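Take a moment with the sequence and the 3D view. Then follow the chain step by step.

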Amino acid sequence: MATVSGFDDLFPYGTIEEKKELIGSFVEKIELDSVTRARKVYMKRFPVPSNGTGKSFGMVAGARFVPATFGL
């Protein structure tokens, strides 16, 4: 989601290859109709996080970063 939130700010600065790769990571396929000039863009579906919080990770009780201080 960080990629999506900064998309408008970062996209203009990317190279053509980087822009194609970024768009390709979200777009499943594009259909074009040359007669009606219609187009359809199919976006990829991303899985919903299973922890129910709307976040892909969460804090577990007792889990935190503590630098190793033993043996000093």
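Where is the place of arginine 37? Look in the loop between E1 and E2. Keep in mind that the model is predicted.

Before we study that loop, step back to the whole chain. The protein chain holds three helices and two strands. Along the sequence, their pattern reads α-α-α-β-β. Helix H3 covers residues 16-24. Strand E1 spans 27-33, and strand E2 spans 38-43.

Now ask how the chain meets its surroundings. It has 72 residues, and 3% of them count as buried. The exposed area of the protein chain is about 7,200 Å². Carbon and sulfur atoms supply 61% of that area. Contacts tell another part of the story. Take those between residues at least 6 apart in sequence: 0% of them join residues at least 24 apart.

Next come the strands. E1 and E2 pair in the antiparallel sense, over six bridges. One facing pair can be picked out: glutamate 31 stands opposite lysine 40 in E2. The two strands form a hairpin, with four residues between them.

Return to arginine 37 in that hairpin. Its phi is positive, near 60°, and this residue is not a glycine. Why point this out? Most residues other than glycine have a negative phi. Is arginine 37 buried or exposed? Its relative accessibility is 69%, so arginine 37 counts as exposed, the cut-off being over 50%.

Charges deserve a look too. How many salt bridges does a search of the whole structure find? The search finds one. Its partners are the side chains of glutamate 31 and lysine 29, with 3.3 Å from N to O. Side chains of opposite charge can pair when their charged atoms come close. Both partners have some contact with the outside. Glutamate 31 is partly exposed, with a relative accessible area of 34%. Lysine 29 is also partly exposed, at 41%.

The strands carry a nonpolar feature as well. Which residues make the nonpolar surface patch? They are Ile30, Leu32, Val41 and Met43, and the patch has an area of about 440 Å². Strands E1 and E2 each supply at least two residues of this patch. Take leucine 32 as an example. Leucine 32 lies in strand E1. Its relative accessibility is 69%, which is why leucine 32 counts as exposed.

Finally, look from the strands to a helix. Glycine 24 belongs to helix H3. With 34% relative accessibility, glycine 24 counts as partly exposed. Now compare its place with that of methionine 43. Along the chain, glycine 24 and methionine 43 are 19 residues apart. In space, their C-alpha atoms are separated by 9.5 Å. Methionine 43 is also one of the residues in the nonpolar patch.

Definitions and conventions:
Residues numbered from 1 in each chain as written. Predicted model: local features only at pLDDT ≥ 70, side-chain atom pairs only at ≥ 80, totals over all residues. Heavy atoms only, no water. Patch = residues over 30% accessible without salt bridge, like charges linked within 9 Å, V, L, I, M, F, W, Y side chains within 5 Å. Areas by Shrake-Rupley, 256 points an atom, 1.4 Å probe, with all protein chains shown as cover. Salt bridge = Lys/Arg side-chain N within 4 Å of Asp/Glu carboxyl O. Buried < 20%, exposed > 50% of the residue type's maximum accessible area, 1.4 Å probe, protein only. Contact = heavy atoms within 4.5 Å. Pairing = 2+ DSSP bridges.
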